[in-house]
Amino acid sequence: MATHIDTAERGDNQKSKTGLARRNVLKLAGAAAMGFMADIDRQPAKAQDMSNGADNFYTSDLVTVRPVTFKNQYAMRVAGNLFTPKTLNTTVRAPAIVVGHPMGAVKEQSANLYATKMAERGFVTLSLDLSFWGASEGWPRNAVSPDIYAEDFSAAVDFLGTHPFIDRKRIGAIGICGSGSFVISAAKIDPRLKAIATVSMYDMGAANRNGLRHGLSLEQRKQIIAAAAEQRHVEFTGGEIQYTSGTVHALTATSTPVEREFYDFYRTRRGEFTPDGQSPLLTTHPTLTSNVKFMNFYPFNDIETISPRPLLFITGEIAHSREFSEDAYQRAAEPKELLIIPRAGHVDLYDRVNLIPFDKLQSFFSQHLAT
């Protein structure tokens with residue numbers, strides 16, 4: 001089946017009223033999924049802003065990296081990178097941490113950085129590509145399935161637990177952006193995840209249902225759902241796959257601050273990465289028909305049942321996603337902690353090592369994954 005980015009992304013000139021209406025709905029879907037709002041009080045990002053130690057593709061001579069694959073319960077192959085400290089004593093079982101990438105990203109974007117830094121601090125770490133993304137299996141590419149995403153975290157625990165140098169009773173997880181909500185979803189039904197940290201978390205359900213600050217109306221939500229439903233018929237009868245949301249491929253004078261923030265990471269050398277065999281035109285873009293599945297995703301319902309396992313929510317002081325970490329923190333039971341990083345935005349915590357609180361992450365997991 002062919003793939004296609006909607007003309008609203010490419011900028012083609014469509015003159016029909018039907019085409020215009022369709023583009024408006026797809027733009028609306030994109031706005032809901034990424035949650036941008038023009039009134040966010042944040043200065044626009046400049047292209048390839050490498051301030052505050054931005055180092056997405058960081059590597060370390062202190063760490064050994066090995067590509068791995070394993071199956072989830074749906075028999076889908078999940079790809080990852082296993083990081084081990086070179087000083088690791090393999091005669092003693094060590095704690096381990098699973099690291100999930102931002103929604104629409106792949107493990108080479110943010111997750112590998114976090115995994116490397118935490119391995120330098122003595123943990124065995126595993127970054128993974130969520131199913132349908134990166135090197136993991138799943139068709140169509142870039143499909144949305146919150147249940148399978150959560151399953152991937154549990155499958156990672158399965159995999160780590162088979163290694164003789166890993167203590168299967170001391171496994172934690174870090175979820176960045178959308179993976180923050182996926183790892184919470186997993187932890188609610190998988191008590192083997194002993195300690196959970198989220199960074200710049202997006203509640204992908206609320207972001208799609210409501211937009212940021214509840215800026216999406218019910219009527220707008222219904223338009224998005226109707227467009228996705230109609231597109232199912234198009235694709236079932238042999239039409240092209242449509243993609244929505246994600247990061248814009250060009251900035252204009254009217255680009256919003258949040259569009260600029262994501263563009264600076266995903267569309268410049270700072271963080272741009274296209275997996276083998278895939279197109280840079282499709283990176284970050286989920287399929288239109290599957291993206292609405294997020295509207296049935298409520299990761300924070302019953303979040304209090306994770307207790308007494310600890311939760312750490314890390315967000316930026318000026319992050320447009322801050323509301324989601326604050327919401328989760330309010331709903332969660334003790335032990336819990338909300339850490340707000342001064343002067344940090346949402347994407348800043350993807351790769352700006354001078355802002356990311358690695359020392360705090362180390363102390364959190366050292367305490368809660370102790371023998």
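Throughout this tour, two residues are in contact when they have heavy atoms within 4.5 Å of each other. The model on your screen is predicted, so please read every value below as computed from that model.

**Stop 1: the whole protein**

Start with everything shown as a cartoon. You should find 12 helices and 10 strands. Colour by burial next: of the 371 residues, 59% are buried. Now turn on the surface, which amounts to about 15400 Å² of accessible area, with 51% of that belonging to carbon and sulfur atoms. If you like contact maps, take the contacts with a separation of 6 or more: 75% of them join residues 24 or more positions apart.

**Stop 2: Thr116 in helix 3**

Select Thr116, which sits in helix 3. Is Thr116 buried or exposed? Its relative accessibility is 4%, and because the cut-off for buried is under 20%, Thr116 counts as buried. Show what surrounds this side chain: beyond the neighbours within four places in sequence, Thr116 is in contact with Tyr58, Thr59, Ser60, Val63 and Phe83.

**Stop 3: where helix 3 meets helix 12**

Keep helix 3 (residues 111-120) on display and add helix 12 (residues 358-368). The two pack at an angle of about 60°, and their axes are 10 Å apart. Their crossing is right-handed. To see who makes the contact, select Tyr114, Lys117 and Met118 on helix 3, then Phe358, Leu361, Gln362 and Phe365 on helix 12. By type, these contact residues divide into five nonpolar, one polar and one charged. As you look along either helix, remember that an α-helix has 3.6 residues a turn, so residues three or four places apart point the same way.

**Stop 4: the nonpolar core**

Which residues have the most contacts inside the largest nonpolar core? They are Tyr114, Ile174, Leu361 and Phe365, in a core of 89 residues. Helix 4 (residues 146-160) gives this core its largest share, with nine residues.

Centre the view on Leu361. Setting aside neighbours within four places in sequence, its contacts are Tyr114, Met118, Ile174, Ala197, Leu312 and Ile314.

**Stop 5: Asp152 in helix 4**

Now pick Asp152, a residue of helix 4. Its relative accessible area is 0%, so Asp152 is buried. Apart from neighbours within four places in sequence, Asp152 is in contact with Phe70, Asn72, Val78, Leu128, Leu130 and Ser131. For a distance to try in your viewer, go from Asp152 to Asp129: they are 23 residues apart in sequence, and their C-alpha atoms are 8.7 Å apart.

**Stop 6: helix 5 and its surroundings**

Select residues 179-189, which form helix 5. This helix is mostly covered, with nine of its 11 residues buried. The buried set is Ser179, Gly180, Ser181, Phe182, Val183, Ile184, Ser185, Ala186 and Ala187. What do the buried residues of helix 5 pack against? Their partners are strand 4 (94-100), helix 4, strand 6 (166-176), strand 7 (193-199), helix 6 (204-210) and strand 9 (311-316).

**Stop 7: Lys293 in a loop**

Move to the loop between helix 9 (288-291) and strand 9, where you will find Lys293. With a relative accessible area of 39%, Lys293 is partly exposed. Leaving out neighbours within four places in sequence, Lys293 is in contact with Val144, Pro146 and Arg232. Ile225 lies 68 residues away in sequence, yet the C-alpha atoms of Lys293 and Ile225 are 9.4 Å apart.

**Stop 8: backbone details**

Most residues other than glycine have a negative phi, and most peptide bonds are trans. Here are some exceptions to select.

- Trp139 and Pro140 are joined by a cis peptide bond, with omega about 0°; Pro140 is in the loop between strand 5 (124-128) and helix 4.
- Ser307 to Pro308 is also a cis peptide bond, with omega near 15°; Pro308 is in the loop between helix 9 and strand 9.
- Ser245 has a positive phi of about 55° without being a glycine. Look for Ser245 in the loop between strand 8 (241-243) and helix 8 (257-266), where Ser245 counts as buried at 4% relative accessibility.
- Arg343 has a positive phi near 65°. Arg343 lies in the loop between strand 10 (336-341) and helix 11 (348-351), and at 63% relative accessibility Arg343 counts as exposed.

Note on methods:
Residues are numbered from 1 along each chain as its sequence is written. This is a predicted model: local features need pLDDT of at least 70, side-chain atom pairs count only at pLDDT 80 or more; totals for chains, interfaces and linings use all residues. Side-chain values use heavy atoms; hydrogens and water are left out. Axes are lines fitted to C-alpha atoms, for helices over the stretch in contact, and angles run from 0 to 180 degrees between N-to-C directions. Helices (H or I, at least four residues) and strands (E, at least two) are DSSP runs, numbered from the N terminus. A crossing is left-handed if the near helix is turned anticlockwise from the far one by less than a right angle, and right-handed if clockwise. Ala, Val, Leu, Ile, Met, Phe, Trp, Tyr, Cys and Pro count as nonpolar, Asp, Glu, Lys and Arg as charged, and the others, Gly among them, as polar. Buried means under 20% relative accessible area, exposed over 50%, partly exposed in between (1.4 Å probe, protein chains only). Accessible areas come from the Shrake-Rupley method with a 1.4 Å probe; for residues, only the protein chains shown count as cover. A nonpolar core is a set of buried Ala, Val, Leu, Ile, Met, Phe, Trp, Tyr and Cys residues joined through side-chain atoms within 4.5 Å.
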